[in-house]
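User: I am a first-year student, and I would like a careful look at one part of this model, the place where the ligand sits. Please answer at length and then connect that part to the rest of the chain.

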Amino acid sequence: MKKISSKLIILGSGPAGCTAAIYAARSGLEPIMINGNQPGGQLTITTDVENYPGFADPVLGPDLMQNMIKQSENVGCKVYNEQISEIDFNTYPYTLKSNNYTFVTQSIIIATGASAKWLGVKNEEKYRGHGISACATCDAFFFKNKKVAVIGGGNTAVEEALFLTKFAKEVILIHRRDKLRAEKILQKRAFCNEKISFLWNSIILNINGNENPKLVKSITLKSLLDNSVSIIEIDGVFVAIGHKPNTDLFSNKLDLDNEGYLKVHNQVFTNKKGVFAAGDVHDKSFRQAVTAAGFGCMAALEAEKFIELKE
Ligand code: NDP
């Protein structure tokens, strides 16, 4: 296994990781950024981004991330398409292992982000990829002229519903309350869209499907107003109920809160020296590309100070 030493390793290449990479590279730290299993992070599975400053017209999420990674490389960050499977925080300098490399480093910025949450109802796992999805951008195309449901009431759910209207003939947004939490501008677009209807105060009990071909055919719903149960026929279900932080690698190694987010003090410091957190992996309040980028900047500046004091 090849051994590589670097002053700073950045885990994750979303807006937090890339911004950390850009700042660290420009301060001469020659950082390494390790892509993980979703290079570019969650923005690579969105469509138009219109709230990231600097783009007068909407920019496509995948394009924005491709440029951020390229910018990181252009200023001197080395990017590895590896997944870390093991980290030793007990001996210093720290060691991280992937299938192909052992990385040794003085400082780590954890920017591993978050992943989509699932409902946990019957048959959800069975029909994933067969009518159940958590990514309209990836899968909407397969639902041309079909009837689909989107579950959730946040920005993701509404954006997914709007995107799906480009393909599906009918989109039902199913939400457990009678009010969306999505931004008003998105709500307005959804309410004005003739293809979108809303089913309020409802939760999914079951997903029902066929065996051959293996496809979703209906969902069983429960009304939270009167507990009545109903079945509606549907071709696809898009789950958009939020995210959970990607911290499995750090459990029992770093302090996590009860929802699994990395615990930080002074914005980006974890409980281990020289180990910093940036973005959705620790921030459950804002979770925006621009705030993740901000945390990436802070983490890089703190890592720089930390490494300087060591030398
Ligand atoms: P949110 O946490 O904002 O919303 C999750 C939604 O799913 C809520 O409406 C919640 O209901 C519902 N929900 C959660 N658990 C369940 C469950 N088990 N069963 C049924 N419904 C459930 O997540 P999002 O992914 O929408 O957004 C995450 C963050 O990313 C937010 O800060 C958002 O602003 C941001 N974002 C920004 C975008 C943009 O600016 N363009 C695009 C997409 C996301 P309830 O309302 O009752 O809690």
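How far from an oxygen atom of the ligand does a polar side-chain atom of Arg177 lie?

Analyst: The distance is 2.8 Å, taken from a polar side-chain atom of Arg177 to an oxygen atom of the ligand, and you should keep in mind from the start that this is a predicted model. Two other residues make a contact of this kind: Asn155 places a polar side-chain atom 2.9 Å from a ligand oxygen, and in the side chain of Arg176 an N or O atom is likewise 2.9 Å from an oxygen atom of the ligand. If you imagine the ligand taken alone, it exposes 920 Å², and the protein buries 80% of that area.

The wider surroundings can be described next. The ligand is surrounded by 20 residues, and the closest of them are Asn51, Asn155, Thr156, Arg177 and Arg181. By type, this shell consists of ten polar, six charged and four nonpolar residues. The element that contributes the most to the shell is helix H4, which spans residues 155–164 and supplies three residues. The shell also draws on two parts of the chain: domain 1 (2–115 + 243–310) and domain 2 (118–239) both give residues to it, and therefore the ligand lies between these two domains.

From the ligand we can turn to the nonpolar interior. The largest nonpolar core has 33 residues, and Leu8, Ile10, Tyr52, Leu64, Ile109 and Phe276 are the ones with the most contacts inside it. Strand E1 (2–11) and three helices, namely H1 (15–26), H2 (61–74) and H6 (289–310), each supply at least two residues of this core. Helix H6 provides the largest share, with nine residues. As background, nonpolar side chains in soluble globular proteins tend to be buried together.

Helix H6 also holds Ala293, which counts as buried because its relative accessible area is 7%, and the cut-off for buried is under 20%. Ala293 and Gly279 are 14 residues apart in sequence, while their C-alpha atoms are 7.1 Å apart in space. A charged residue can be buried as well: Glu82 sits in the loop between strand E5 (78–80) and strand E6 (86–88), and its relative accessible area is 11%. The C-alpha atom of Glu82 is separated by 9.8 Å from that of Leu11, although the two residues are 71 positions apart along the chain.

The backbone has some further details that you can find in the loops. Tyr92 and Pro93 are joined by a cis peptide bond with omega of about -5 degrees, and Pro93 belongs to the loop between E6 and strand E7 (94–97). A cis peptide bond also runs from Asn212 to Pro213, with omega near 5 degrees, and here the proline lies in the loop between strand E14 (202–210) and strand E15 (215–223).

Asparagine appears again in a group of three residues that you can set side by side. Asn145, in the loop between helix H3 (136–139) and strand E11 (147–151), has a positive phi of about 60 degrees although it is not a glycine, and it is exposed, with a relative accessible area of 57%. Asn201 has a positive phi as well, near 50 degrees, and its place is in the loop between strand E13 (196–199) and E14, but at 16% relative accessibility this residue counts as buried. Asn210 is located in strand E14 itself and is partly exposed, at 34% relative accessibility. Between the C-alpha atoms of Asn210 and Tyr127 there are 9.5 Å, with 83 residues separating the two along the chain.

To return to your question, the 2.8 Å contact of Arg177 belongs to a setting in which the ligand lies between domain 1 and domain 2, and in which the protein buries 80% of the area that the ligand would expose alone.

Notes. Residues are numbered from 1 along each chain as its sequence is written. This is a predicted model: local features need pLDDT of at least 70, side-chain atom pairs count only at pLDDT 80 or more; totals for chains, interfaces and linings use all residues. Side-chain values use heavy atoms; hydrogens and water are left out. A residue is near a molecule or strand if one of its heavy atoms lies within 4 Å of it. A polar contact is a pair of N or O atoms within 3.5 Å; within protein, one must be able to donate a hydrogen and the other to accept it, and residues adjacent in sequence count only if both atoms are side-chain atoms. Accessible areas come from the Shrake-Rupley method with a 1.4 Å probe; for residues, only the protein chains shown count as cover. Helices (H or I, at least four residues) and strands (E, at least two) are DSSP runs, numbered from the N terminus. Ala, Val, Leu, Ile, Met, Phe, Trp, Tyr, Cys and Pro count as nonpolar, Asp, Glu, Lys and Arg as charged, and the others, Gly among them, as polar. Domain bounds come from an automatic or database domain assignment. A nonpolar core is a set of buried Ala, Val, Leu, Ile, Met, Phe, Trp, Tyr and Cys residues joined through side-chain atoms within 4.5 Å. Buried means under 20% relative accessible area, exposed over 50%, partly exposed in between (1.4 Å probe, protein chains only).
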